[in-house]
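Thank you all for coming this morning. Please have the sequence and the structure open in front of you, and then we can go through a few places together.

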Amino acid sequence: MKKALFAMAAVVLVTTACSSGGNNSTNTSAPSATQNGQAVTTVSILAKDFAPDDPNVQKLIKGIEDGMKAEGKNVKLQITPVQSGTYSEKMGLLLQSGNIPDLIYFQGGDYQFATTQKILEDLTPYIDKSKYVKASMNPYNIERMKNYPYLLWLSPVNSAIPVVRQDLMDKTASGKAALENPTIDNYYTFFKELKEKSGAKYAYTTAGNLDELDAMFGQAFGLTTTWIKGTDGKFEFGKTTQFEKEKLEFYAKMYKEGLLDPEFLTKKWDTKEKAFYDGQAAIMAGTQGKVIDLYNSKSTAQNGAGAKVVPLPPAKGKAQGYTPVDTSKESRGFAISKTSKNKDMAFAVLEYMASPKGQMMDKLGFEGSEYQIVDNKIKLTDKFAAWYPHFVESVISFTPDKEFDPTTPYFSEPAAKSLKMFESNSTKDNIFIMPADLTAKWDAATAVYKEFAADIVTGKKTGADFDKFVQAWNAAGGKDVTDYANKTIK
């Protein structure tokens, strides 16, 4: 993932702003300083990918300050680091210590602060009154905000799409058929031929679990939602149904025949990608858009233009689609603290970064550094490779006033295609936010599933053990969660 590729020490970013968003009565703090006789208001923000010594972050901070000041919002941004380590854990410790910033970027760990401690602001009124934030939201963002109005993340849905190297696919006769009619059988034939003729050791590699393989095959086996309604009208957990049994048996067949990376359980994101770039694996999955763009750039840089990546459609069977989209809540994003005295100003930072000027800076960097204007077109430089958006990954409302030079498009052809393919092959899930009193049981049941899935795929167990797995899953807490699901899902 792009975030993982550029993971940095978590920090507290202090900023100020004004907004047309929420109720102005919530902003009661006095200006924290003056600059050239003008008041400067401070709004603190905790953000994962801001490092004090990163020159790109320093440029971005100054750009935000200058840009908002030009619009009459005199702001000062200051970085204060927190302890290094797992971001969600260190962030949680900081908040529990009583040091609660105005703007907080969460990447997990938000639920307790939103629902138990109730220190996160409902962002609905701010978004309703916004212009640019609202315009940058996709339908899934909107649905998630209705269900959980505490996190805002202006990004495409974080869903995996499989890609194959063009040069390896071209060595097969079955690749074209798989693209045109992506049935499970056609993909299986394609995978076998990739192993036999492309030079790859195996067809598909994943990073530590089966999720990225499910992105291609889950719905084809009938797993169209997390909770599936049975013939009796009651919901069952999809991974305890016969659909899952058939899917895992297919994966076990792939593993036995060497089509699935034999080290898939221990692969990390970096070793997975290395296997792909080195030609050991022909297929891997990544988030549509910028991550696919990165895969394409690295693959062609290492192996030549013929090694561009080709996004693959989801397999077709009982249904067709990539992994169903969880709309219960955003899994990451920015929140505003209820304790903040600068709520409107905090939201103004998000509003500015969603504006045309803010998005140009957030996505492209700065003229003369990350890009140049050549013949009235935007030409990206080599420095652009180290730049990525911190606030708005969505391109829904991204409309630069100049075209991109055709030699340096913002999105490569495979990246742009992956976004379109996801849009036409995405469906909504029926997963819900797990209540606190069931979290431990859900975690225990999930652990039972993961162990069984790994065992059946690697041949330690077979489909004959599936009923015993379902019993163990229910006993570990799955039954109680299933009972709750049937009371909750409408």
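Right after helix α13 comes Gly-279, and the phi angle of this glycine is positive, near 85 degrees. I should say at once that what we are looking at is a predicted model. Helix α13 itself covers residues 269-277, and its buried residues are Lys-272, Glu-273, Ala-275, Phe-276 and Tyr-277.

A positive phi also turns up just after helix α2, where Gly-72 takes a value of about 90 degrees. At the other end of this helix, the N-terminal one, Asp-54 acts as a cap, with a side-chain oxygen that lies 2.9 Å from the backbone nitrogen of Asn-56. How far apart should the end C-alpha atoms of α2 be, if we allow 1.5 Å a residue? The helix runs over residues 55-70, which is 16 residues, so the expected span is 22 Å, and the end C-alpha atoms in the model are indeed 22 Å apart, in agreement with that expectation.

Several residues of α2 are buried, among them Val-57, Leu-60, Ile-61, Ile-64 and Met-68. Let me stay for a moment with Glu-65, which lies in this helix too. Is Glu-65 buried or exposed? Its relative accessible area is 14%, and because buried means under 20%, Glu-65 counts as buried. If we set aside the neighbours within four places in sequence, Glu-65 is in contact with Val-75, Lys-76 and Leu-77.

Another buried residue is Ser-340, with a relative accessible area of 6%, and you will find Ser-340 in the loop between β13 and α15. Which side chain does Ser-340 meet in a polar contact? The partner is Asp-102, and the contact between the two side chains is 2.6 Å.

Finally, please turn to a pair of helices, α12, with residues 242-256, and α18, with residues 436-457, whose axes come within 8 Å of each other and cross at roughly 45 degrees. An angle of that kind is neither under 35 degrees nor in the range from 65 to 115, and the two helices are therefore described as oblique to each other. On the α12 side, the residues that make the contact include Leu-248, Tyr-251 and Tyr-255, while those on the α18 side include Tyr-449, Phe-452 and Ile-456. Sorted by class, the contact of α12 with α18 has 9 nonpolar residues and 2 charged ones, with no polar residues.

Methods. Residues are numbered from 1 along each chain as its sequence is written. This is a predicted model: local features need pLDDT of at least 70, side-chain atom pairs count only at pLDDT 80 or more; totals for chains, interfaces and linings use all residues. Side-chain values use heavy atoms; hydrogens and water are left out. Axes are lines fitted to C-alpha atoms, for helices over the stretch in contact, and angles run from 0 to 180 degrees between N-to-C directions. Helices (H or I, at least four residues) and strands (E, at least two) are DSSP runs, numbered from the N terminus. Angles under 35 degrees count as roughly parallel, over 145 as roughly antiparallel, 65 to 115 as roughly perpendicular and the rest as oblique. Contact means heavy atoms within 4.5 Å. Ala, Val, Leu, Ile, Met, Phe, Trp, Tyr, Cys and Pro count as nonpolar, Asp, Glu, Lys and Arg as charged, and the others, Gly among them, as polar. Buried means under 20% relative accessible area, exposed over 50%, partly exposed in between (1.4 Å probe, protein chains only). A polar contact is a pair of N or O atoms within 3.5 Å; within protein, one must be able to donate a hydrogen and the other to accept it, and residues adjacent in sequence count only if both atoms are side-chain atoms. The expected span of a helix is 1.5 Å times one less than its number of residues.
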